[in-house]
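Me: I am new to this structure and should like to understand the terms used to describe it. Please set each value against its definition as we proceed.

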Amino acid sequence: MQKYQEKLYWHVRRMLMDHDDANDVIQNCFIKVYKSIHRFERKSKLYTWLYRIATNEAITHLNKQKKKAVASIDDDEIGISHRLEADAYFDGEEAQLQLQRALNTLPDKQKLVFNLRYFDEMSYKEMAEVLDTSVGALKASYHHAVKKIEQYIRAL
Amino acid sequence: MKNTDDIKKELEELSPFLSKRKKEKEGFEVPTNYFRKLPDLIMDRIQEEETLSSSSAPTTNWLDQIIERIQLLLQPQYAMALASIAIFIMVSIFFFEQDNALLGANTLAEVSDEEINSYVMDNLEEFEIDLLMDAIDEENLEKEIESESSSDDDYLDNIIDDLSDKELEELM
């Protein structure tokens, strides 16, 4: 747990942005790992298996939030930057705020691909195991994500 | 290391603008000592869940255990297997009994009429007269009596032919 907890936490945090949400999800993730470690078939690395569980838990949490929440102005990228600025656990500079706003213009899966490649420096092969998607599709997704983010930030 | 270099090179090719931005600080923070406390938080939750699940499970007596096992056997996957075994046993019994009946019939067919008659004569007291009478074929019995009586007549004729006149007169 000690070895992977930080990496997995940050991965989840980048998806959910809020610390309390990330805290709940990461705890659920490790409880699930504890209960199902005997089912780990060693067909993939432990690292990618853990990432897969964490990703699925985060996506489930996001979907639950979307079902509960009524669409509001806080859901767009500007609203999100306001939320981040107001967040006690966000101390980013303007550059980081812009990046977060840009990331929130991406579809969830594309954002995920970008985070895993850009922040976690994961190889496409490992990413394919985590997201159950082909390497080619992941490369295309990452390339599009980078272009979109650059365009968004340049336009600010 | 190679992977990091590859990723860096890839980003430089895709977007020199983005590759120049520092990414060591994303802006997100955590409470003090969060990662040090996180394992304990997780273990506390696991223990709490395990305590809740064991305390909510009701104690069962032997009858409940039997009922539980029967219910388990009635689940589809087990019920199918049991039904298949039951059908197999019933079919086996059915064919086994048929074979036995045929065997009896075949065995009886191999016994000759002479052996049967001999057995009946030796064990006459074990048979009821009425059943024996019923078993006799009247038509064949009459023919048999006729043929026996005709052979007797022939026998007597032969004896008479051998007698002299004087002996015949003495007999009369």
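Me: What share of the residues in chain A is buried, and what makes a residue buried?

Reply: In this predicted model, buried residues make up 29% of the 156 residues in chain A. A residue is buried if 20 or more other C-beta atoms lie within 10 Å of its own, exposed if 12 or fewer, and partly exposed in between, with C-beta atoms placed from the backbone. In chain B, buried residues make up 2% of the 172 residues.

Me: How should the numbering and the confidence limits be understood?

Reply: Residues are numbered from 1 along each chain as its sequence is written, while chains are lettered from A and ligands numbered from 1 in the order in which they are written. Because the model is predicted, local features need pLDDT of at least 70 and side-chain atom pairs count only at pLDDT 80 or more, whereas totals for chains, interfaces and linings use all residues.

Me: What is the confidence in chain B, and where is it lowest and highest?

Reply: The average pLDDT of chain B is 75, and 68% of its residues score at least 70; pLDDT is the predictor's confidence in each residue, from 0 to 100. Within chain B, the lowest confidence is in helix H8 (residues 138–162), with a mean of 60, and the highest is in helix H1 (residues 2–14), at 90. The model as a whole scores ipTM 0.81 and pTM 0.59.

Me: How many helices and strands are there in each chain?

Reply: Chain A has eight helices and zero strands, and chain B has nine helices and zero strands. Helices (H or I, at least four residues) and strands (E, at least two) are DSSP runs, numbered from the N terminus.

Me: Why is H1(A) called oblique to H2(A)?

Reply: The axes of helix H1 (residues 5–16) and helix H2 (residues 19–36) of chain A come within 9 Å and cross at roughly 135°. Axes are lines fitted to C-alpha atoms, for helices over the stretch in contact, and angles run from 0 to 180 degrees between N-to-C directions. Angles under 35 degrees count as roughly parallel, over 145 as roughly antiparallel, 65 to 115 as roughly perpendicular and the rest as oblique. The crossing angle therefore makes H1(A) oblique to H2(A).

Me: Which residues of H1(A) and H2(A) meet?

Reply: A:Leu8, A:Tyr9, A:Val12, A:Arg13 and A:Leu16 in H1(A) are in contact with A:His19, A:Asp21, A:Ala22, A:Val25, A:Ile26 and A:Cys29 in H2(A). Two residues are in contact if their C-beta atoms, placed from the backbone, lie within 7 Å. By class, the residues of this contact are eight nonpolar, one polar and two charged. Ala, Val, Leu, Ile, Met, Phe, Trp, Tyr, Cys and Pro count as nonpolar, Asp, Glu, Lys and Arg as charged, and the others, Gly among them, as polar.

Me: What makes A:Met17 partly exposed?

Reply: A:Met17 has 19 other C-beta atoms within 10 Å, so A:Met17 is partly exposed. A:Met17 is placed in the loop between H1 and H2 of chain A, and its phi is near 70°, a positive value in a residue other than glycine. Most residues other than glycine have a negative phi.

Me: Why does B:Asn33 count as exposed?

Reply: B:Asn33 counts as exposed because it has 8 C-beta neighbours inside 10 Å. B:Asn33 lies in the loop between H2 and H3 of chain B and has a positive phi of about 60° although it is not a glycine.

Me: Why is H3(A) called oblique to H7(A)?

Reply: The axes of H3(A) and helix H7 (residues 124–131) of chain A come within 8 Å and cross at roughly 50°. That angle makes H3(A) oblique to H7(A). Here A:Thr48, A:Tyr51, A:Arg52 and A:Thr55 in H3(A) meet A:Glu126, A:Glu129 and A:Val130 in H7(A).

Me: Where is A:Ser44, and what does it touch?

Reply: A:Ser44 is in the loop between H2 and helix H3 (46–68) of chain A. Not counting residues up to four places away in sequence, A:Ser44 touches A:Trp49 and A:Glu129. With 16 other C-beta atoms within 10 Å, A:Ser44 is partly exposed.

Me: How many residues does each chain give to the contact between chain A and chain B?

Reply: The contact takes 23 residues from chain B and 27 residues from chain A. H3(B) supplies the largest share of the side of chain B that touches chain A, seven residues.
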